[in-house]
Structure formats: structure tokens, C-alpha cells
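Hi,

Here is the structure I promised to pass on to you. Have a look at it, and then read my notes below.

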Amino acid sequence: MPDPRLKAVLFDLDKTLADWPPFLRHIGLILRNAGDDTPRRTGDQGGTFPRGLQWFENWMRRTQAPGYRPEQRVLDMLAALEAADVPWGIVTNGTRWQHVKLVNMGIQPEPECLVISKEFGHKKPEPEIFAEALSRLGGPQPSETLFVGDNPLMDIHGASNAGLITAWIRRGRVWKWGPPEPDFTIDHVDEVPGILGLQTQQT
Ligand SMILES: [Mg+2]
């Protein structure tokens with residue numbers, strides 16, 4: 001089931017390459033278990049926080065770079081791509097704080113292909129941001145490029161509509177966002193080398 005056509009990989013950052021800082025997930029669980037059974041907003045992106053606290057989640061996502069930490073599974077996965085000469089990059093809706101997150105995640109130096117919406121002027125799911133990323137990767141065809149992300153609309157619909165192959169980080173969810181559906185559904189980015197048919201860790 002690996003796809004040998006794939007020659008390059010683009011990643012979303014938040015909740016894809018980076019898990020939520022543990023204290024944030026803890027707060028989210030406390031709030032959800034505290035009796036807030038308010039229906040989730042239509043089109044909810046599967047975030048951790050209940051309705052009404054979306055502003056809080058958004059604020060944390062923008063600013064809480066200090067909570068991000070290196071994750072060995074992520075670093076090993078990126079090293080596997082580099083060992084196989086697979087170009088990779090990051091496409092993220094965010095601000096200059098994304099640079100700080102990458103430092104704290106141990107992803108240094110930054111990839112040459114790092115497209116941050118606030119810096120570039122377009123955001124996912126706009127096709128311009130995907131086209132920019134392909135250009136910075138050196139021009140692979142969209143159909144040769146895997147986009148990995150957790151957000152059904154911004155990541156999966158956006159990348160698929162731009163012609164890329166998609167892998168959805170399901171985070172415990174079942175796909176309910178209609179077509180275009182993800183080409184692959186995974187639990188963690190460490191499954192990406194396997195999608196490309198690369199040798200994965202020792203058995
Ligand atoms: Mg995300």
C-alpha cells in the first residue's frame with residue numbers, strides 16, 4: 001500500500017508534527033470532563049477544547065510556543081526522510097511564533113521550505129500557499145507530493161484540491177467531512193516513511 005509515486009512531503013505543524021504540550025491537553029480534558037456537553041460547533045476541527053473556549057485554544061496555538069518539546073519519533077521520522085533524500089517542508093497557518101516552536105521542538109535548522117501564512121500572505125486552504133510550498137521544495141508535481149495534516153478542511157481538502165496526495169492525522173476521529181477524502185489515514189507522522197515505501201525502524 002505504499003505509494004512509490006511520492007517524492008516529497010509537506011507537513012502541517014500544530015497537532016501534526018507537534019503534539020499539544022501536555023499541560024494543554026490536560027486542561028482540555030479537565031474542561032471536557034467537567035460537564036460541558038455543549039454540542040461542538042458545526043465544522044469543528046476536532047480541537048481539544050469545548051465550544052466557547054475556542055478563543056482560548058486559538059490564543060494558545062498562536063502564542064504558547066514555550067510548551068513545545070522535542071519528540072524523538074518525529075525527529076527520527078524527519079531523519080529517515082533526509083537519509084532517503086526526500087525533500088520535505090512545513091506549511092502552517094500561524095505567525096512568527098511558529099519559528100520558536102520549531103526551535104523548541106529541536107527541528108533545527110529550519111527546513112528551507114517553511115511557509116507560514118502570516119509571513120506569506122495566504123493561508124490554508126488557499127491554493128496559493130500549497131503552490132508556494134511546492135516551489136520552495138524545488139518543484140515536485142502536486143501528484144508526487146504527500147501533504148500530512150490533522151485539519152480536515154484546511155489541510156486535507158485544501159491540499160487535495162491543490163492536487164496533492166493527502167495523509168490525515170485522525171487523532172481518534174472518523175472522517176465525516178465528505179469528499180475529497182484523505183488518501184491515507186494515520187495516527188502519527190512516524191507512519192509517513194512507510195507511505196513512501198521507505199525502510200522504517202528495525203522490527
Ligand atoms: Mg494542525
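These notes cover the sheet, the core and one helix.

This is a predicted model, where local features need pLDDT of at least 70 and side-chain atom pairs count only at pLDDT 80 or more, while totals for chains, interfaces and linings use all residues. Residues are numbered from 1 along each chain as its sequence is written.

Let's start with the sheet. Six strands form an open, parallel sheet in the order β3-β2-β1-β4-β5-β6. Strands (E, at least two residues) and helices (H or I, at least four) are DSSP runs, numbered from the N terminus, and two strands pair if DSSP finds at least two bridges between them. β3 and β6 (184–186) are the edge strands with a single partner each, so one side of each has no neighbour in the sheet. β1 and β4 pair over four bridges, and F11 stands opposite V148 in β4.

Next, the core. A nonpolar core is a set of buried Ala, Val, Leu, Ile, Met, Phe, Trp, Tyr and Cys residues joined through C-beta atoms within 7 Å. Buried means that 20 or more other C-beta atoms lie within 10 Å of a residue's own, exposed means 12 or fewer, and partly exposed is in between, with C-beta atoms placed from the backbone. The largest core has 38 residues, of which V9, F11, F130, A133 and V148 touch the most other members.

Finally, α3. V74, M77 and L78 are buried there. They cover an arc of only 95 degrees around the axis (taken from the directions from the helix axis to the C-beta atoms), which puts them on the same side of α3. The face turned away from that buried side carries the exposed residues Q72, R73, A79 and A83.

Enjoy exploring!
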